[in-house]
Amino acid sequence: MSYRTLGHSGLQVSTLTLGTMMFGEQTSTEDSLRIIDKAWDQGINGIDASLTRLGTDYLDIYYLHREDHNTPLEFCVRA
């Protein structure tokens, strides 16, 4: 696995990432866990240190894939 430095932070992040958009609906829990375990085994690294710095063990992230031109952007971001 190769890693790159994230900006000026000194944080080393893996160049391989894991997208989980289909987890929970189209991908079963068992398959999702198997995929995550394989990614960890291959050297993908995660946001553990960031979670520790934030004092939490999870983050809820709202990712806007595509702007809805019928809804004001401020409303989408505030959601």
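Me: Where does serine 14 sit in this predicted model?

Reply: Serine 14 is in strand 2, which covers residues 12-14. The model is a predicted one.

Me: Why is serine 14 called buried?

Reply: Serine 14 has a relative accessibility of 8%. Buried means under 20%, so serine 14 counts as buried.

Me: What does serine 14 touch, once residues up to four places away in sequence are set aside?

Reply: Two stretches of the chain show up in the list: Met1, Ser2 and Tyr3, plus Gly43, Ile44 and Asn45. To count as a contact, heavy atoms have to be within 4.5 Å. As for arginine 4, its C-alpha is 6.4 Å from that of serine 14, with the two positions 10 residues apart in sequence.

Me: Serine 32 next. Why is serine 32 called buried?

Reply: Its relative accessible area is 7%. The cut-off for buried is under 20%, so serine 32 gets that label. Serine 32 belongs to helix 1, residues 29-42.

Me: Which residues is serine 32 in contact with, leaving aside neighbours within four places in sequence?

Reply: Phe23, Gly24 and Thr27.

Me: What makes leucine 59 partly exposed?

Reply: Leucine 59 comes out at 40% relative accessible area. Buried needs under 20% and exposed needs over 50%, so leucine 59 lands in between and is partly exposed.

Me: Where is leucine 59, and what is it in contact with?

Reply: Leucine 59 lies in the loop between helix 2 (48-54) and helix 3 (73-78). Leaving out neighbours within four places in sequence, its contacts are Ile47, Leu51 and Leu54. From leucine 59 to isoleucine 47 the C-alpha distance is 9.7 Å, at 12 residues apart in sequence. The contact itself goes by heavy atoms within 4.5 Å.

Me: Why is aspartate 48 called partly exposed?

Reply: Aspartate 48 has a relative accessible area of 48%. Exposed would take over 50%, and buried would take under 20%, so aspartate 48 is partly exposed. Aspartate 48 is in helix 2. Its C-alpha is 15 Å from that of leucine 6, which is 42 residues away along the chain.

Me: How do you know that helix 2 deserves some caution?

Reply: Confidence in the protein is lowest there, with a mean of 75, while helix 1 has the highest at 93. Over the whole protein the mean pLDDT is 83, and 91% of the residues reach 70 or more.

Me: What is the fold made of?

Reply: Three helices and two strands. Along the sequence they follow β-β-α-α-α.

Me: How does the radius of gyration of the protein sit against that of a compact globule?

Reply: The protein has 16 Å, whereas a compact globule of 79 residues would be near 12 Å. The C-alpha atoms fill a box of roughly 45 × 35 × 25 Å along the principal axes.

Me: How many of the 79 residues are buried, as a percentage?

Reply: Buried residues make up 10%, and serine 14 is buried, as is serine 32.

Me: What about contacts and surface?

Reply: Of the contacts with a separation of 6 or more, 29% join residues 24 or more positions apart. The accessible surface is about 7,100 Å², and carbon and sulfur atoms account for 53% of that.

Me: How many charged side chains are there of each sign?

Reply: There are 6 positive and 11 negative side chains, and the centres of the two sets are 8 Å apart.

Notes. Residues are numbered from 1 along each chain as its sequence is written. This is a predicted model: local features need pLDDT of at least 70, side-chain atom pairs count only at pLDDT 80 or more; totals for chains, interfaces and linings use all residues. Side-chain values use heavy atoms; hydrogens and water are left out. Helices (H or I, at least four residues) and strands (E, at least two) are DSSP runs, numbered from the N terminus. Buried means under 20% relative accessible area, exposed over 50%, partly exposed in between (1.4 Å probe, protein chains only). The radius of gyration is taken over C-alpha atoms; the globule rule is 2.2 Å times the number of residues to the power 0.38. Accessible areas come from the Shrake-Rupley method with a 1.4 Å probe; for residues, only the protein chains shown count as cover. Lys and Arg count as positive and Asp and Glu as negative; His and the chain ends are not counted. The place of a charge is taken as NZ of Lys, CZ of Arg, CG of Asp or CD of Glu. pLDDT is the predictor's confidence in each residue, from 0 to 100.
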